[in-house]
Amino acid sequence: MWRHNNNPWIYTQEIELSLINQWTDLDKFIISCIDKNQYVYINCDYFYVPYSNFYGKVNRRSQLLITGYDLEKNEFTLMDYFNAQYRAVTVSIPALVHAAKQGIYGQALNRSKIVLIELNQVEHYEFNVSLASKLLKDYLYAGHSYERMPLFTKPRERAAFGMAIYADLQQFLDRIQQQSTVHSSLPFHILYEHKKCIRLLYDFLIKTGRIEPSAALADEFSLLIEKTLVLRNLYFKLEISEDLLLIDKMKQGVETIKALEISALEKLIGLIDGKGSDDLQQEALDEAPSVHS
């Protein structure tokens, strides 16, 4: 979230955890934030977080969202993916504070941050359709947006962009096949959520009169969402059955989704820019030196 929050209805503040520890007790700070209607997004070591698959097994740092507290029960309410479901759970305040502080003490260069999140009242939002088109093209042609337009925090090294993530998903499935063990459903669920977001963008562009409706394209986006949902559910089936033969079916699904998405996005960008797919591909070739990493 601290890499590129561009949601106009959310106001965020970043504070280093080590700095907070110099000012006040972490639990008092979190409670004070919640009292001010601020959610707290924080790194924790999931070895110490009950409900986590890593609890008591593996040290793994990840982020969770603290949304409330109960002082009588001495608990925080937090949200994250637990057992493949995004849900709210309660964890004792001392346990959560301990999980958050792991890896901080004795590490002078640790820059772990807390992000405070609150509603930002926006009366009017001007949608930048030109920027949307550029970012969609970066996604479609696996462009590195930071290299062309360094407005966001620089991504980590060896990151995959746009359509290149499908190769990463195939490698992820290869590792599961080789190690004969499941990893995480999260990549496939994020993929599913992303396709729903693209469909919402398409609907928004029609609603605001920026593109003409297309029943055929709407059907393509619906099919794309359906296929990614099937892919995610196949992973759940893999987790339950441990039938590694499902992986080949999932690999085929990844390629099908990639082809569907390329087709749908080319048409969507064409509607936004008033160009055909051949024009878009030529434009991508022309801009290749400045777009690709």
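This section describes the confidence, helices, nonpolar cores, aromatic pairs and strand pairing of a predicted model.

The chain has a mean pLDDT of 84, with 84% of its residues at 70 or more. In residues 105-109 the pLDDT falls below 50, and this stretch has 1 contact in the model beyond near neighbours in sequence. Residues 289-293 also stay under 50 in pLDDT, and here the model has 11 contacts beyond four places in sequence.

Two helices were examined for their length. Helix α8 covers residues 215-241, and its 27 residues should span 39 Å at 1.5 Å a residue; the C-alpha atoms at its ends are 38 Å apart, which agrees with that value. Helix α9 covers residues 246-273, and the same rise of 1.5 Å a residue gives an expected span of 40 Å for its 28 residues; its end C-alpha atoms are 40 Å apart, again in agreement. A residue with positive phi follows each helix: Glu-242, just after α8, has a phi of about 60 degrees, and Gly-274, just after α9, has a phi of about 75 degrees.

The buried residues of α8 are Leu-217, Ala-218, Glu-220, Phe-221, Leu-224, Ile-225, Thr-228, Leu-231, Arg-232, Leu-234, Tyr-235 and Leu-238. The list includes the charged residues Glu-220 and Arg-232. Among the elements that cover these buried positions are α6 (165-179), α7 (186-207) and α9.

In soluble globular proteins, nonpolar side chains tend to be buried together. The largest nonpolar core of this model contains 38 residues, and Tyr-166, Phe-188, Phe-221, Met-250, Leu-265 and Leu-268 have the most contacts inside it. At least two residues of this core come from each of α4 (129-140), α6, α7, α8 and α9. The greatest contribution is that of α9, with 11 residues. Phe-221 thus appears both among the buried residues of α8 and among the core residues with the most contacts. Tyr-166, also in that group, touches Tyr-139, Leu-191, Lys-195, Val-254, Ile-257, Lys-258 and Glu-261 when residues up to four places away in sequence are not counted. A second core, separate from the largest, has 28 residues, including Val-49, Ile-66, Val-89 and Leu-96.

The whole structure contains 8 aromatic pairs. One of them is the stacked pair of Tyr-46 and Phe-82, with 6.5 Å between ring centres and 15 degrees between the planes. Tyr-46 lies in the loop between β2 (39-45) and β3 (61-70), whereas Phe-82 lies in strand β4 (residues 75-82), so that the pair links parts of the chain 36 residues apart. Both Tyr-46 and Phe-82 are buried. Ring pairs join Tyr-46 and Phe-82 with Tyr-51 in a cluster.

A further pair, Phe-127 with Phe-204, is edge-to-face, with a centre-to-centre distance of 5.0 Å and an angle of 65 degrees between the planes. Phe-127 is in the loop between β6 (113-119) and α4, and Phe-204 is in helix α7, so this pair ties together parts separated by 77 residues in sequence. The two rings fall in separate accessibility classes: Phe-127 has a relative accessibility of 16% and counts as buried, while Phe-204, at 30%, counts as partly exposed.

Strand β4 pairs with both β3 and β5. The β3 and β4 strands run antiparallel and are joined by 5 bridges. Their hairpin has 4 residues between the strands, and Asn-74 within it takes a positive phi near 60 degrees. Pairing between β4 and strand β5 (residues 85-92) is likewise antiparallel, over 8 bridges. Asp-80 has Arg-87 of β5 as its bridge partner.

Thr-77 is a residue of β4 and is the bridge partner of Gly-68. With a relative accessibility of 24%, Thr-77 counts as partly exposed, because the limit for a buried residue is under 20%. Beyond its neighbours within four places in sequence, Thr-77 is in contact with Leu-65, Ile-66, Thr-67, Gly-68, Tyr-69, Ala-88, Val-89 and Thr-90. Thr-77 and Thr-90 are 13 residues apart along the chain, and their C-alpha atoms are separated by 4.5 Å. Two of the contacts of Thr-77, Ile-66 and Val-89, are members of the second nonpolar core.

Methods: Residues numbered from 1 in each chain as written. Predicted model: local features only at pLDDT ≥ 70, side-chain atom pairs only at ≥ 80, totals over all residues. Heavy atoms only, no water. Expected span 1.5 Å × (residues − 1). Buried < 20%, exposed > 50% of the residue type's maximum accessible area, 1.4 Å probe, protein only. Contact = heavy atoms within 4.5 Å. pLDDT = per-residue confidence, 0-100. Core = buried A, V, L, I, M, F, W, Y, C linked by side-chain atoms within 4.5 Å. Phe/Tyr/Trp six-rings, centres within 6.5 Å; stacked < 30°, edge-to-face > 60°. Pairing = 2+ DSSP bridges.
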